[in-house]
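Please open the model in your viewer and keep the selection tool at hand. This tour suggests what to select at each stop and says what is there.

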Amino acid sequence: MKIVLVQFYSYHEEVLAPQIDFLLPDNDVFVAAPSDLFRNDYLAHFDSRIKKIVFNDRRYDRKNVFHILCRFFSIILKYIQLNYWIKKHRIELIVFNTLTKSFHFSLIALFFRNIDKVHIIHNGHLYTQPKMIKYLSCFKKNLFISYDVYRYYLDNHVKENDKSRFDWFLPMAMVIIPLVSAIVYPK
């Protein structure tokens, strides 16, 4: 299967590396991320076994209007670039890491409507409002990186009929629960 792991920013290699390790060698694994994430020692040993989609590394952290507009357009350009590579390589599954803004969910719905998507949730508290919970419906699965947060979230924030879209995994090298296997290798 052709799978792309998407990390828009230069962090969370501790979650990406176990995913890569789990998916190799049985899948074609693409990683879409800024170039400095690929230089991380933890990910560097996968260099010869993954295909890279490198995003622009420019930073737009200042808060004036010009920099906010530049950041806005740089995010859109990342989605356009990702869409191009997904079509070119006929990617079958997209795994998004670290999505926090509704703007991302709108772009995902726009660009990737007809492809299976998984969302890795790092901060469950960001998805406690009904509007944010609704955004999670565009994913085949939403995986928490903590069992305790997953249980709390399901018990307190998810309607019974929506619970099948949520699960969890432990981002530790070689230890990912069998459910992820069921997503990648459906029967």
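In this predicted model, the count of cavities of 30 Å³ or more comes to two. For a start, select Thr-98, Leu-99, Thr-100, His-119, Ile-120, Ile-121, His-122, Asn-123, Leu-126 and Tyr-127, which line the second largest cavity. The space inside that cavity is about 40 Å³, and its lining divides into five nonpolar residues, five polar residues and no charged ones.

Keep Thr-98 and Thr-100 selected, since both also belong to the lining of the second largest pocket, and add Tyr-9, Tyr-11, Arg-71, Phe-72, Ile-75, Lys-101, Phe-103 and His-104, which line that pocket with them. Helix 4 (65-89) and helix 5 (102-111) are the elements that give two or more residues to this lining, and helix 4 gives the most, with three residues. The second largest pocket holds about 210 Å³ of space, and its lining residues divide into five nonpolar, three polar and two charged.

Next, turn to the largest nonpolar core, and select Val-4, Leu-82 and Phe-96, which touch the most other members among its 34 residues. Elements that each supply at least two residues of this core include strand 1 (2-6), strand 2 (28-34), strand 3 (51-55) and strand 4 (93-97), while the largest share, five residues, comes from helix 4. If you centre the view on Val-4, you can find among its contacts Phe-30, Ala-32, Ile-53, Leu-82 and Ile-86, with residues up to four places away in sequence not counted.

Finally, select Leu-24, Val-29, Phe-38 and Val-95, which are among the 22 residues of another core that lies apart from the largest one.

Conventions:
Residues are numbered from 1 along each chain as its sequence is written. This is a predicted model: local features need pLDDT of at least 70, side-chain atom pairs count only at pLDDT 80 or more; totals for chains, interfaces and linings use all residues. Side-chain values use heavy atoms; hydrogens and water are left out. On a 1 Å grid over the protein atoms alone, a cavity is a set of points where a 1.4 Å probe fits but cannot get out, and a pocket is an open set with protein on both sides within 12 Å along at least five of seven lines; lining residues have an atom within 4 Å of a point. Grid points are joined across faces, edges and corners, and a volume is the space filled by probe spheres set on the points. Helices (H or I, at least four residues) and strands (E, at least two) are DSSP runs, numbered from the N terminus. Ala, Val, Leu, Ile, Met, Phe, Trp, Tyr, Cys and Pro count as nonpolar, Asp, Glu, Lys and Arg as charged, and the others, Gly among them, as polar. A nonpolar core is a set of buried Ala, Val, Leu, Ile, Met, Phe, Trp, Tyr and Cys residues joined through side-chain atoms within 4.5 Å. Buried means under 20% relative accessible area, exposed over 50%, partly exposed in between (1.4 Å probe, protein chains only). Contact means heavy atoms within 4.5 Å.
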